[in-house]
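Trainee: I would like a close look at one single part of this model, taken residue by residue, with the terms explained as they come up.

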Amino acid sequence: MKKIVIIGASGHAKVIIDIIEKRNEYQIIGLIDSYKEPSQKIMGYPILGKESLIPELMEKQNVIGGIMAIGDNWSRKKVRDVIKNLAPKFKFLPAIHPNAILCNNLKIEPGVVIMAGVIVNAASTIKEFCILNTNSSLGHDSVMHHFSSLAPSSAIGGHVSIGAFSAVSMGTTIIQNITIGIHTIIGAGSLVLKDIGNNIIAYGVPVKEIKKREIGEPYLAK
Ligand SMILES: CC(C)(COP(=O)(O)OP(=O)(O)OC[C@H]1O[C@@H](n2cnc3c(N)ncnc32)[C@H](O)[C@@H]1OP(=O)(O)O)[C@@H](O)C(=O)NCCC(=O)NCCS
């Protein structure tokens with residue numbers, strides 16, 4: 001089996017490890033994380049060290065690539081960029097749970113993570129490094145732009161566009177024909193009935209724009 005690493009060692013990484021184990025296509029040799037102590041184990045796999053270790057792992061241990069397991073959309077992009085510079089041949093692989101339901105005619109770009117219970121309907125596009133978390137659904141003819149995410153149990157209608165780096169939080173519903181801008185956060189439990197612009201935190205039933213946000217401002221940590 002080809003050898004890979006998991007990038008990130010959080011709870012999100014644990015869910016991704018479970019997907020890889022279930023699919024049984026790759027051998028995980030360990031995790032890469034800049035913030036956690038090497039030698040700790042996550043789900044039985046060692047934290048190997050920081051991103052700077054990757055070229056050596058590729059050369060000496062035949063690691064071919066790995067999976068981005070960083071939940072925060074902007075942090076995931078920053079770490080992806082670091083690795084791309086350090087190791088241009090590193091393959092960013094997808095992780096797609098065997099119990100996700102994907103229509104036949106989808107466009108799914110590299111580095112995408114799709115978790116258990118997800119449904120993606122016909123003619124949709126999922127661009128690079130998006131996350132579709134547990135039990136989320138994406139309607140037909142919709143587009144998730146790069147590094148955007150759907151949190152668990154979010155339900156997205158047809159012909160919806162989710163902008164790059166934007167996050168749709170847990171349990172949110174977005175009706176058909178809606179456009180969400182870039183770097184925007186739709187808060188948990190929202191009902192989105194109108195378009196939302198760029199760099200905004202919006203939430204509520206129905207959704208309201210609450211405040212502006214800076215690029216990269218954390219929205220998951222607490
Ligand atoms: C949108 C979000 C980032 C807002 O966080 P925040 O700006 O730190 O907001 P705070 O927690 O400081 O709350 C400020 C106020 O807004 C309210 N509020 C926050 N989020 C809300 C939401 N989604 N819906 C309704 N009210 C909300 C709070 O109750 C609080 O009200 P109060 O001042 O009357 O007490 C956060 O609610 C959220 O949805 N995070 C993502 C959760 C998620 O999906 N995680 C994914 C796990 S995989």
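Mentor: What follows is one connected account of a helix, its N-terminal end, and the cavity and pocket whose linings include its residues. This is a predicted model, in which local features need pLDDT of at least 70 and side-chain atom pairs count only at pLDDT 80 or more, while totals for chains, interfaces and linings use all residues. Residues are numbered from 1 along each chain as its sequence is written, and side-chain values use heavy atoms, with hydrogens and water left out.

The helix is α3, which runs over residues 73-86 (helices are DSSP runs of H or I, at least four residues, numbered from the N terminus). Its 14 residues reach 20 Å from the first C-alpha to the last, close to the 20 Å expected at 1.5 Å a residue (the rise multiplied by one less than the number of residues). Within α3, the buried residues are N73, R76, K77, V79, R80 and I83, where buried means under 20% relative accessible area with a 1.4 Å probe, protein chains only.

At the N-terminal end, D72 acts as the cap of α3, with a side-chain oxygen 3.2 Å from the backbone nitrogen of W74; a polar contact is a pair of N or O atoms within 3.5 Å, one able to donate a hydrogen and the other to accept it. D72 and W74 also help to line the largest cavity, together with N73, F165, H183, R213, G216 and Y219. A cavity is a set of points on a 1 Å grid where a 1.4 Å probe fits but cannot get out, and lining residues have an atom within 4 Å of a point. There is 1 cavity of 30 Å³ or more, and the largest has a volume of about 40 Å³, a volume being the space filled by probe spheres set on the points. Its lining divides into 3 nonpolar, 3 polar and 2 charged residues, with Gly counted as polar and Tyr as nonpolar.

The largest pocket, by contrast an open set with protein on both sides within 12 Å along at least five of seven lines, holds about 330 Å³ of space. Of its 15 lining residues, D33, Y35, I70, S75 and V79 are the closest to its centre, and V79 is also one of the buried residues of α3. Helix α3 supplies the largest share of this lining, 3 residues, and the lining as a whole divides into 6 nonpolar, 5 polar and 4 charged.

Conventions. Helices (H or I, at least four residues) and strands (E, at least two) are DSSP runs, numbered from the N terminus. Buried means under 20% relative accessible area, exposed over 50%, partly exposed in between (1.4 Å probe, protein chains only).
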